[in-house]
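This report sets out the packing, the enclosed spaces and some individual residues of one protein model. The sequence and structure are shown below.

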Amino acid sequence: MQESEPEQNSKDDLIEEALALVEQDRIRPRNTTRNAITDFAQQSEQHSAALHQAQQFFDVAAGYKAKRRSPLNQLKYQLELITMRLAEPRAAFTAVGLLVLAITGLFWFNQQDTTPPLAPVATMAPEPQWHETQGQQQRTVTLADGSTIWLGWRTRLEVEFTGATRQVRLHQGVAAFAVETDPARPFIVYADKLRTTVTGTEFVVNRQRHNRIEVAVLEGAVSVKGAGDATATALTGEQAVVAEHGVIGAVLNRSTDEIGSWREGILVFEDRPLLDALAALEPYSRYRMDTRLIADHKGLVSGVFFTDQADDALISILTTHQISPHQDGHLLKLRRQRPSRPGQN
């Protein structure tokens, strides 16, 4: 029996809805979209069939992603797309059928273009998203999966999500991450030779000068990989340091206040090694520091300092530890103060 017109229109509506869901999932996979697809398929056999047809359409369209495809193979894919609609037991084309023909027509007239006109296919990864801040500026960014990134001063990073992984490349500065749990897609942060991997947690990555990188955990656990096969695991209230050349140092204890307070414009140091404290202060100061002459200094720093008063904090710390700054423009060459001779002021 031939389908009635209202029934056929209803079927076309289901297919159009299924196409929209599959398109959204393949452009930007999210748990909410996957749940919507599951709910759609479970409504009826007609819903399930419409979803299957939409997925087939995008799978066939994905064939256009391959470069240097021969005209014969292009024609084969075009015929497959058309046949998917002609296979139905009716002669008239519906709106969805016209949509398929319109898309295949675009393919036909653009055979020499290796970039597929249909963007939302599974084999095409979205373009990386760039985020950055300047001095005296912080930003909060919410990612497609619901994760959040806090960017500190002078920070630059790029985000790229695929169907298999969530990747961030920290090129400069400090960033805190609150990652939504997704065991099927690990969240990976790259910084120079460092790779930090999590599935869902909250942590901070601080890329300082001289390729020194700190990874500190506010909640959960992270896996840190440096150069070669060197790895380490840091838990809540712990920090792993990756030095120059990707060498992983010892995992240290850090209070969560010390780890995350910079987001509130405060730096908290609790028996922090002097050189580490200076490196943490430097991004907030107008000065750059040459610490080569005090590289073996064993001093510790404790206190609370405001990021918008970093220069004052810097002078206070240097004075306390008897270090003289020799200014050359915006560069401070640090060296120990010479002990005064008897009778000298």
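The buried residues of helix 8 pack against helix 7, strand 15, strand 16, strand 17 and strand 18. The model is predicted: local features need pLDDT of at least 70 and side-chain atom pairs count only at pLDDT 80 or more, whereas totals for chains, interfaces and linings use all residues. Residues are numbered from 1 along each chain as its sequence is written, and side-chain values use heavy atoms, with hydrogens and water left out.

In helix 8, the residues that are buried (under 20% relative accessible area, with exposed meaning over 50% and partly exposed in between; 1.4 Å probe, protein chains only) are Ala310, Ala313, Leu314, Ile317 and Leu318. Viewed down the helix axis, these buried residues fall within an arc of 130 degrees, so they line one face of helix 8; the arc is taken from the directions from the helix axis to the C-beta atoms. Asp312, Thr319 and Thr320 are exposed on the other side of helix 8. Just after helix 8, Gln322 takes a positive phi of about 55 degrees.

Helix 7 is mostly covered, with seven of its eight residues buried. Those residues are Leu274, Asp276, Ala277, Leu278, Ala279, Ala280 and Leu281. Their cover includes strand 14, strand 15 (288-290), strand 16 (300-306), helix 8 (310-320), strand 17 (323-328) and strand 18 (331-336). Helices (H or I, at least four residues) and strands (E, at least two) are DSSP runs, numbered from the N terminus.

Leu278 belongs to helix 7 (residues 274-281). Leu278 is buried, with a relative accessible area of 1%. Leaving aside neighbours within four places in sequence, Leu278 is in contact (heavy atoms within 4.5 Å) with Met289, Thr291, Ile294, Leu314, Ile317, Leu318 and Leu334. Leu278 and Leu314 lie 36 residues apart along the chain, and their C-alpha atoms are separated by 7.3 Å.

Helix 7 also takes part in the largest pocket, which has a volume of about 540 Å³. A pocket is an open set of points on a 1 Å grid over the protein atoms alone, with protein on both sides within 12 Å along at least five of seven lines; a cavity is a set of points where a 1.4 Å probe fits but cannot get out, and lining residues have an atom within 4 Å of a point. Grid points are joined across faces, edges and corners, and a volume is the space filled by probe spheres set on the points. Of the 22 residues that line the largest pocket, His210, Arg212, Leu275, Ala279 and Thr291 lie nearest its centre. Helix 7 and strand 15 are the elements that give two or more residues to this lining, and the largest share, five residues, comes from helix 7.

The search of the whole structure finds three cavities of 30 Å³ or more. The largest cavity holds about 230 Å³ of space. It is lined by 17 residues, of which Asn206, Glu214, Glu258, Ile259 and Trp262 are the closest to its centre. Strand 8 (202-207), strand 9 (213-219), helix 6 (256-260) and strand 14 each supply at least two residues of the lining of this cavity; strand 14 gives the most, with four residues.

The table gives the two linings by class, where Ala, Val, Leu, Ile, Met, Phe, Trp, Tyr, Cys and Pro count as nonpolar, Asp, Glu, Lys and Arg as charged, and the others, Gly among them, as polar.

| Lining | Nonpolar | Polar | Charged |
|---|---|---|---|
| Largest pocket | nine residues | five residues | eight residues |
| Largest cavity | 11 residues | two residues | four residues |

Strand 14 (residues 266-273) contains Arg272. Arg272 counts as buried, at 4% relative accessibility. Apart from neighbours within four places in sequence, Arg272 is in contact with Glu214, Gln239, Arg254, Glu258, Ala277, Gly299, Leu300 and Val301. Asp271 is also placed in strand 14, but counts as exposed at 52% relative accessibility. Although not a glycine, Asp271 has a positive phi of about 50 degrees.

Asp192, in the loop between strand 6 (187-191) and strand 7 (194-198), is likewise not a glycine and has a positive phi of about 55 degrees. Asp192 is partly exposed, with a relative accessible area of 36%.

For the protein as a whole, there are eight helices and 18 strands. Buried residues make up 43% of its 345 residues.
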